[in-house]
Amino acid sequence: MSTICKNWTQWLKETRFSSLTEEMKSQTLDWLDSVGTAVVNMAQIQANDTVLDIGCGTGLLGFKAVEALEKLNGQGKVIFSDKFIDCVETCEGFLKENPSKVKCEFLNASCEDLQLPDNTVDKAMLRSVLVHIVDKQPAINEIYRVVKPGGVFCAFEPIIRSNTRYSELLDPKYIDSYHEFKDAEDKIMSDVTDSLCNFDDFTLKGNLDKAGFSSSSTMIHTIESKYTVTREMVIPWFVSPPSPDRPSMKERFLKFFDEAKVDKYISDIQNYLEGREISLKTNSVLLYAVK
Ligand SMILES: C[S@@+](CC[C@H](N)C(=O)[O-])C[C@H]1O[C@@H](n2cnc3c(N)ncnc32)[C@H](O)[C@@H]1O
């Protein structure tokens with residue numbers, strides 16, 4: 001686990017916002033809410049559906065599914081599942097404090113071994129979970145196994161390898177060893193053993209088809225955000241881990257360079273970007289598949 005983030009609940013509630021201003025945090029929360037709504041709407045939940053939220057985290061999708069079922073007034077239920085117990089317990093705790101008439105179950109299981117019988121759920125959904133699994137095919141095969149014939153799988157995943165890179169924001173004239181760091185960043189982003197960047201919409205579509213899903217489709221979603229960089233923002237970009245158990249960008253660069261060189265690079269970036277408006281492209285994909 002990272003030294004600055006002890007578990008997924010902490011990452012979801014605090015760490016992921018550490019480089020953001022209050023205004024950016026609020027925009028991010030609105031965006032996450034709209035993404036959750038988009039995934040749950042895609043699932044077209046029916047009154048008696050069994051809905052599975054895989055890698056539920058703090059319940060972004062699962063609680064929206066509960067709301068959808070509350071309105072439909074049927075016998076449907078939601079299963080909150082996550083590999084990490086702190087997430088399952090967080091969702092369970094929230095529902096104890098905010099009871100719902102919709103039946104909810106809690107499952108401490110990984111996406112690669114969902115611990116449910118074959119053909120159990122009408123709707124399986126996830127957001128930003130496959131990005132944390134190195135080998136996506138067994139995970140998607142497992143999702144296929146638990147979805148009922150005619151059931152739906154829908155998801156939203158970031159496509160990190162095609163996002164704007166640090167090197168694209170910089171002017172080589174002002175950054176020591178710019179080309180060495182650019183090469184290192186390109187290597188990091190094309191590492192096939194790294195779950196965060198070893199896939200895109202095309203490979204995910206291949207995984208869905210190979211698992212046996214029919215009518216699978218992918219829709220790319222690109223956001224261009226512009227903002228002015230402050231000095232304080234830059235350090236968290238490099239030291240915040242992308243998940244509790246994965247190295248930060250600084251730790252990744254330390255595989256290529258010594259610490260003094262990495263710190264100099266980060267400080268050059270602070271000096272160059274402070275007060276400048278940057279434009280960042282962030283890519284994600286919406287997946288929809290029927291068994
Ligand atoms: C970025 S969070 C997303 C949480 C939630 N789906 C959301 O949209 O806010 C990633 C989640 O995936 C879970 N996770 C990571 N690896 C997993 C795996 N192999 N199987 C199931 N869940 C996993 C983590 O515990 C965490 O809750």
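Modeller: A polar contact is a pair of N or O atoms within 3.5 Å. The model is predicted.

Biologist: What makes the G57 approach to the ligand a polar contact?

Modeller: A backbone N or O atom of G57 lies 3.3 Å from an oxygen atom of the ligand. The cut-off is 3.5 Å, so the pair counts. The protein buries 98% of the 600 Å² that the ligand exposes when taken alone.

Biologist: Which atoms of C111 and the ligand pair up?

Modeller: A backbone N or O atom of C111 and a nitrogen atom of the ligand, at 2.8 Å. R127 uses its side chain: an N or O atom there is 2.6 Å from an oxygen atom of the ligand. Both pairs lie within 3.5 Å, so both are polar contacts.

Biologist: Which residues around the ligand come nearest?

Modeller: G55, D82, C111, E112 and R127, out of 19 residues around the ligand. By class, 10 of the shell residues are nonpolar, five are polar and four are charged. Helix 1, residues 8–13, gives the largest share of the shell, with three residues.

Biologist: How do you know that C56 is not bonded to C91?

Modeller: Their sulfurs are 3.9 Å apart, and C91 holds the closest cysteine sulfur to that of C56. A disulfide needs the two sulfurs within 2.5 Å, so this pair fails. C104 is in no disulfide either; its nearest cysteine sulfur, in C91, is 9.5 Å away. The count of disulfides is zero.

Biologist: Why are C56 and C104 called buried?

Modeller: Buried means under 20% relative accessible area. C56 has 5%. C104 has 18%. Both values are under the limit, so both residues are buried.

Biologist: Why is N198 called buried?

Modeller: Its relative accessible area is 18%, under the 20% limit, so N198 is buried. N198 is in the loop between helix 7 (178–189) and helix 8 (201–211).

Biologist: Which backbone oxygens does the N198 side chain reach?

Modeller: That of V134, at 3.0 Å, and that of V192, at 3.1 Å. Leaving out residues up to four places away in sequence, N198 touches V134, K136, R161, D191 and V192.

Biologist: What makes D135 a cap of helix 5?

Modeller: A side-chain oxygen of D135 lies 3.5 Å from the backbone nitrogen of Q137, at the N-terminal end of helix 5. Helix 5 spans residues 136–146, and its buried residues are K136, Q137, A139, I140, E142, I143 and V146.

Biologist: What covers the buried residues of helix 5?

Modeller: The cover includes strand 1 (50–54), strand 4 (121–127), strand 5 (147–158) and helix 8.

Biologist: What makes the phi of S128 stand out?

Modeller: Phi of S128 is near 60 degrees, a positive value in a residue other than glycine. Most residues other than glycine have a negative phi. S128 is in the loop between strand 4 and helix 5. At 18% relative accessibility, S128 is under 20%, so it is buried.

Biologist: Why is S177 called partly exposed?

Modeller: Its relative accessible area is 27%, between the 20% and 50% limits, so S177 is partly exposed. Phi of S177 is also positive, near 55 degrees. S177 is in the loop between helix 6 and helix 7.

Biologist: Is I175, in the loop between helix 6 (166–169) and helix 7, buried or exposed?

Modeller: Buried: I175 has 4% relative accessible area, under the limit of 20%. I175 touches L170, Y265, D268, I269 and Y272, not counting residues up to four places away in sequence. I175 and N98 are 77 residues apart in sequence and 52 Å apart in space, C-alpha to C-alpha.

Biologist: How do you know that N283 and T222 are joined by a polar contact?

Modeller: Their side chains meet at 2.7 Å. That is within 3.5 Å, so the pair counts. A polar atom of the N283 side chain also lies 2.8 Å from the backbone oxygen of S162.

Biologist: Where does N283 lie, and why is N283 called buried?

Modeller: N283 lies in strand 7, residues 277–290. N283 has 7% relative accessibility, under 20%, so it counts as buried. Beyond four places in sequence, N283 touches P158, I159, S162, N163, H221 and T222.

Terms used. Residues are numbered from 1 along each chain as its sequence is written. This is a predicted model: local features need pLDDT of at least 70, side-chain atom pairs count only at pLDDT 80 or more; totals for chains, interfaces and linings use all residues. Side-chain values use heavy atoms; hydrogens and water are left out. Helices (H or I, at least four residues) and strands (E, at least two) are DSSP runs, numbered from the N terminus. Buried means under 20% relative accessible area, exposed over 50%, partly exposed in between (1.4 Å probe, protein chains only). A polar contact is a pair of N or O atoms within 3.5 Å; within protein, one must be able to donate a hydrogen and the other to accept it, and residues adjacent in sequence count only if both atoms are side-chain atoms. Contact means heavy atoms within 4.5 Å. A residue is near a molecule or strand if one of its heavy atoms lies within 4 Å of it. Accessible areas come from the Shrake-Rupley method with a 1.4 Å probe; for residues, only the protein chains shown count as cover. Ala, Val, Leu, Ile, Met, Phe, Trp, Tyr, Cys and Pro count as nonpolar, Asp, Glu, Lys and Arg as charged, and the others, Gly among them, as polar.
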